[in-house]
Each structure stands twice: as C-alpha cells, then as structure tokens.
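Reader: I have a protein–DNA model open and would like to learn how to read its contacts. Could you walk me through it?

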Amino acid sequence: MKLPQEFYRREDVLQLSRELLGKVLCTRIDGELARVVITETEAYAGVADKASHAYGGRRTKRTEPMFAAGGAAYVYLCYGIHHLFNVVSNVENVPHAILIRAGKPLEGVEAMLMRRQKLTVDRTLLGGPGSLAKALGITTRLTGKSLQGNEVWIEDRQILLTANEIVASPRIGVDYAEEDALRPYRFRADAQITYE
DNA sequence: CGAATGATATACT
DNA sequence: GTATATCATTCGA
C-alpha cells in the first residue's frame with residue numbers, strides 16, 4: 001500500500017530518512033512497472049543546511065518543488081547527466097528533502113536492465129543515485145509530482161529492518177558545505193533484507 | 001585515478 | 001541577454 005501524505009509531512013527529516021530504508025520505491029513509466037527496496041538515503045535539512053539546494057531559503061525554478069508540502073518528488077539534473085530522485089518532506093515552505101541513493105531490485109528487473117543497458121543484475125544496477133534513477137526511468141519530468149499519483153510512489157511492504165542495521169555516516173560529495181559537510185545525514189542498510 | 005558531461009545559478013554587459 | 005563557474009556523479013583505465 002502507498003504511504004499516506006502524513007508520513008512525509010512530519011518535522012524530523014532524519015527520522016524520516018531512517019524510516020524510508022526498507023520501503024519500496026515504485027515507478028510506472030512508459031507502462032513499465034518497477035519496484036526497488038530503498039537501502040540508502042541522505043537527509044537535506046532545509047534552509048539551515050549548507051549542503052541543501054534550499055540553503056538560506058534559495059528559491060528558484062529548480063528548487064521550487066522542495067518548498068511544497070511533503071509527499072512529492074523533487075528530481076533534478078546533476079553533472080549534466082544524472083537525474084537524482086528526492087522525496088520532499090515536512091510542511092509547505094519548509095524545504096526538507098531526502099535523496100534516495102541506492103536500492104535493491106524487487107520487480108520489473110527486465111525494464112531496469114533495459115534502461116541501464118545491462119544484461120545481468122549486479123550491485124551497480126541500482127548502486128548510486130544516478131544509476132538508481134536511470135534504472136527506474138526517472139527524469140526531471142517527474143519533479144513536483146505527487147507520490148500519491150500513478151507514475152511514482154512509495155509503498156510499505158513490511159520489509160524487516162531493525163534499527164541497529166542502519167549505519168549513519170557523512171554525506172557524499174558535499175565538501176563545500178563547511179561545518180555541515182560532516183553531519184551523519186546518510187543512512188545505509190547494507191545488511192541483507194528479509195521479507196515477511 | 002581522472003576525464004567527461006550539460007543544466008543551472010549567478011554575475012555580469 | 002550572454003557568459004562561465006559550479007556541481008547531492010559515473011565510467012573506464
């Protein structure tokens with residue numbers, strides 16, 4: 001079942017980042033259904049976080065979706081090539097977001113292999129935010145879309161993860177963020193995933 | 001390890 | 001309107 005709006009609209013973006021681990025990110029693009037278990041996330045804590053695009057309340061055409069109420073997608077292009085998928089959280093005008101960095105395939109493996117131009121499943125299929133978005137067919141076309149729609153959404157499949165399997169560490173590629181660069185806002189669930 | 005990639009923000013004319 | 005520095009990265013040695 002789809003996670004409800006309220007799930008995304010809470011205040012604690014760090015807690016939400018942890019809870020997204022083990023949830024199932026789903027897309028239906030070009031008629032191809034794909035499902036992925038989320039195994040790595042990064043929190044971007046709004047206007048006070050120097051690593052965030054919305055730092056200091058910077059509001060542009062690109063960052064606009066982050067200022068909407070939680071429960072929508074924020075997709076942007078990085079390094080000219082990679083589409084990165086984020087989940088918008090918190091209430092309107094509080095631009096918190098969570099970057100989905102990695103996952104494990106669950107359904108729609110054929111479509112993912114096709115999009116990634118690969119023949120076999122390995123850890124690079126969904127390893128890294130750019131690869132993950134590509135495998136799922138996510139592009140900037142989806143930015144600002146609601147997660148209650150039928151193109152992209154997140155489900156709770158009762159996948160079992162215990163808190164101590166989650167490892168927190170500094171975020172990737174944010175050296176420029178000064179004192180915020182070392183904050184442990186990255187969450188990984190490397191341990192094998194079991195299904196109920 | 002290092003190059004490649006192009007949209008975006010920002011600072012100009 | 002135009003320029004250019006800057007990237008929440010990937011891929012191939």
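Author: Happily; let us start with one strand. Of the 19 residues around DNA strand C, those that come nearest are His 82, Asn 86, Gly 130, Gly 173 and Tyr 176; a residue counts as near a molecule or strand if one of its heavy atoms lies within 4 Å of it. Of the atoms of DNA strand C that come within 4 Å of the protein, sugar and phosphate account for 56%. Before we go on, this is a predicted model, in which local features need pLDDT of at least 70 and side-chain atom pairs count only at pLDDT 80 or more, while totals for chains, interfaces and linings use all residues. Residues are numbered from 1 along each chain as its sequence is written, chains are lettered from A and ligands numbered from 1 in the order in which they are written, and side-chain values use heavy atoms, with hydrogens and water left out.

Reader: Which atoms of DNA strand C have polar partners in Asn 86, Arg 116 and Ser 131?

Author: A polar contact is a pair of N or O atoms within 3.5 Å; within protein, one must be able to donate a hydrogen and the other to accept it, and residues adjacent in sequence count only if both atoms are side-chain atoms. Here, an N or O atom in the side chain of Asn 86 is 2.3 Å from a base nitrogen of DNA strand C. The side chain of Arg 116 has an N or O atom 3.1 Å from a phosphate oxygen of this strand, and a polar backbone atom of Ser 131 is 3.5 Å from a phosphate oxygen. The elements giving two or more residues to the surface near DNA strand C are β4 (82-89), β5 (96-107) and α4. Helices (H or I, at least four residues) and strands (E, at least two) are DSSP runs, numbered from the N terminus.

Reader: How many residues of each class does the surface near DNA strand C have?

Author: Ala, Val, Leu, Ile, Met, Phe, Trp, Tyr, Cys and Pro count as nonpolar, Asp, Glu, Lys and Arg as charged, and the others, Gly among them, as polar. On that scheme, the surface has ten nonpolar, seven polar and two charged residues.

Reader: And what surrounds DNA strand B?

Author: Around DNA strand B you will find Arg 58, Thr 60, Arg 62, Leu 77, Tyr 79, Gly 80 and Ile 81. By class, that surface has three nonpolar, two polar and two charged residues. Sugar or phosphate makes up 76% of the atoms of DNA strand B within 4 Å of the protein, and the rest belong to bases. Thr 60 places a polar side-chain atom 2.4 Å from a phosphate oxygen of DNA strand B, and Arg 58 has one 3.5 Å from a sugar or linking oxygen. A polar backbone atom of Gly 80 is 3.0 Å from a base nitrogen.

Reader: At what angle do α3 and α4 pack?

Author: Axes are lines fitted to C-alpha atoms, for helices over the stretch in contact, and angles run from 0 to 180 degrees between N-to-C directions. Helix α3 (residues 109-116) packs against helix α4 (residues 129-136) at about 120°, with the axes 7 Å apart. Ala 111, Met 112, Arg 115 and Arg 116 in α3 meet Ser 131, Lys 134, Ala 135 and Leu 136 in α4, where contact means heavy atoms within 4.5 Å. This contact has four nonpolar, one polar and three charged residues.

Reader: Which residues of α3 are buried?

Author: Buried means under 20% relative accessible area, exposed over 50%, and partly exposed in between (1.4 Å probe, protein chains only). In α3, Ala 111, Met 112, Leu 113, Arg 115 and Arg 116 are buried. Their cover includes β1 (24-29), β2 (32-45), β5 and α4. Just after α3, Gln 117 takes a positive phi of about 55°.

Reader: Is Asp 180 buried or exposed?

Author: Asp 180 is buried, with a relative accessible area of 3%. Asp 180 is found in the loop between β7 (167-169) and β8 (186-188), and its side chain reaches the backbone nitrogen of Lys 50 at 2.8 Å.

Reader: Where does Ile 98 lie?

Author: Ile 98 lies in strand β5 and counts as buried at 0% relative accessibility. The C-alpha atoms of Ile 98 and Val 13 are separated by 7.6 Å, although these residues are 85 residues apart along the chain.
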